[in-house]
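Student: I should like to examine how the terms applied to this model are justified. Which definition should we begin with?

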Amino acid sequence: GMEPLSHDGNVTVRIVYSIFDTLLRRDFMNPLEGGGSRLVPALAESWERNAPNQMTFKLRKGVKFSNGNDFTADDVLYSFERRLDPESEAPLKPMMALLAISGVPVVDDKTIDFKLKQAAATVLHVLAEYTMTVVPRGYKRFAGDVSTQIGSGPFILESFTPGSESVHKRNPAYWADPELPYLDEVQVIDFADQPALLNALKGGEVDAIVDVPFGEVEALSQE
């Protein structure tokens with residue numbers, strides 16, 4: 001599935017991260033400097049913990065969604081309304097334990113507060129999870145039309161065949177760096193089993209794979 005709040009395995013996670021952004025992210029680009037444990041700004045350019053259960057996020061200016069609309073605090077509010085409303089199409093129960101809709105007040109277009117129900121030391125890491133991606137107000141889960149999958153990530157979804165593959169084209173308006181992403185197009189393929197996955201890599205059908213079985217690592221590194 002395409003819904004950022006549903007989990008269909010590592011393939012879905014990579015599709016989601018290519019299209020959508022989070023307020024902050026793990027720094028996988030610099031593994032020797034803390035890697036996945038270090039948090040860096042994404043859609044939030046800075047944040048401050050005002051109290052054990054309260055934080056203020058300053059949102060990045062100049063960010064646009066793939067449909068050309070500006071990214072604002074109202075989009076963050078809408079994204080969390082979808083997670084915190086048990087009657088919404090995609091509620092996220094673990095987040096409901098930490099936060100209520102009333103606890104996400106918009107200060108202005110580029111400032112939003114988070115007032116937690118209780119102090120949570122790991123909340124910043126939770127906000128970097130792929131289930132915490134920000135979508136524009138009015139976003140609906142995927143129902144066959146890729147043009148509805150509007151995000152601010154490095155790629156724009158061009159086609160999607162559930163359980164098979166998705167094709168992503170470069171987002172020319174990506175906010176992070178004028179040179180990013182480096183690729184014009186990425187194809188994400190969902191293989192049915194690990195032998196097929198490994199054979200595709202060995203045969204040069206794909207450039208990279210995830211979930212390599214530990215027992216195959218040494219043999220692959222020698223090929």
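Tutor: Buried means under 20% relative accessible area, exposed means over 50%, and partly exposed lies in between. The model to which we apply these terms is predicted.

Student: Why is Arg 38 called partly exposed?

Tutor: Its relative accessibility is 34%, and partly exposed is the class between under 20% and over 50%; Arg 38 therefore counts as partly exposed.

Student: What makes the pair of Arg 38 and Asp 27 a salt bridge?

Tutor: The closest N and O atoms are 2.4 Å apart, and the criterion is within 4 Å. Both residues lie in the loop between strand E1 (24-26) and strand E2 (39-41), 11 residues apart. Asp 27, at 2% relative accessibility, counts as buried, because the limit for that class is under 20%.

Student: Why is Phe 214 called exposed?

Tutor: Its relative accessible area is 77%, and exposed requires over 50%, so Phe 214 is exposed. With Val 212 and Val 217, Phe 214 makes a nonpolar surface patch of about 310 Å².

Student: How do you know that the span of helix H2 agrees with expectation?

Tutor: At 1.5 Å a residue, the 12 residues of H2 (residues 73-84) should span 16 Å, and the end C-alpha atoms are 16 Å apart; the two therefore agree.

Student: What makes H2 largely enclosed by the rest of the structure?

Tutor: Of its 12 residues, 10 are buried, so H2 is largely enclosed. The cover over these buried residues includes strand E4 (54-59) and helix H4 (123-127).

Conventions: Residues numbered from 1 in each chain as written. Predicted model: local features only at pLDDT ≥ 70, side-chain atom pairs only at ≥ 80, totals over all residues. Heavy atoms only, no water. Helix = DSSP H or I, 4+ residues; strand = E, 2+ residues; numbered from the N terminus. Expected span 1.5 Å × (residues − 1). Buried < 20%, exposed > 50% of the residue type's maximum accessible area, 1.4 Å probe, protein only. Contact = heavy atoms within 4.5 Å. Patch = residues over 30% accessible without salt bridge, like charges linked within 9 Å, V, L, I, M, F, W, Y side chains within 5 Å. Areas by Shrake-Rupley, 256 points an atom, 1.4 Å probe, with all protein chains shown as cover. Salt bridge = Lys/Arg side-chain N within 4 Å of Asp/Glu carboxyl O.
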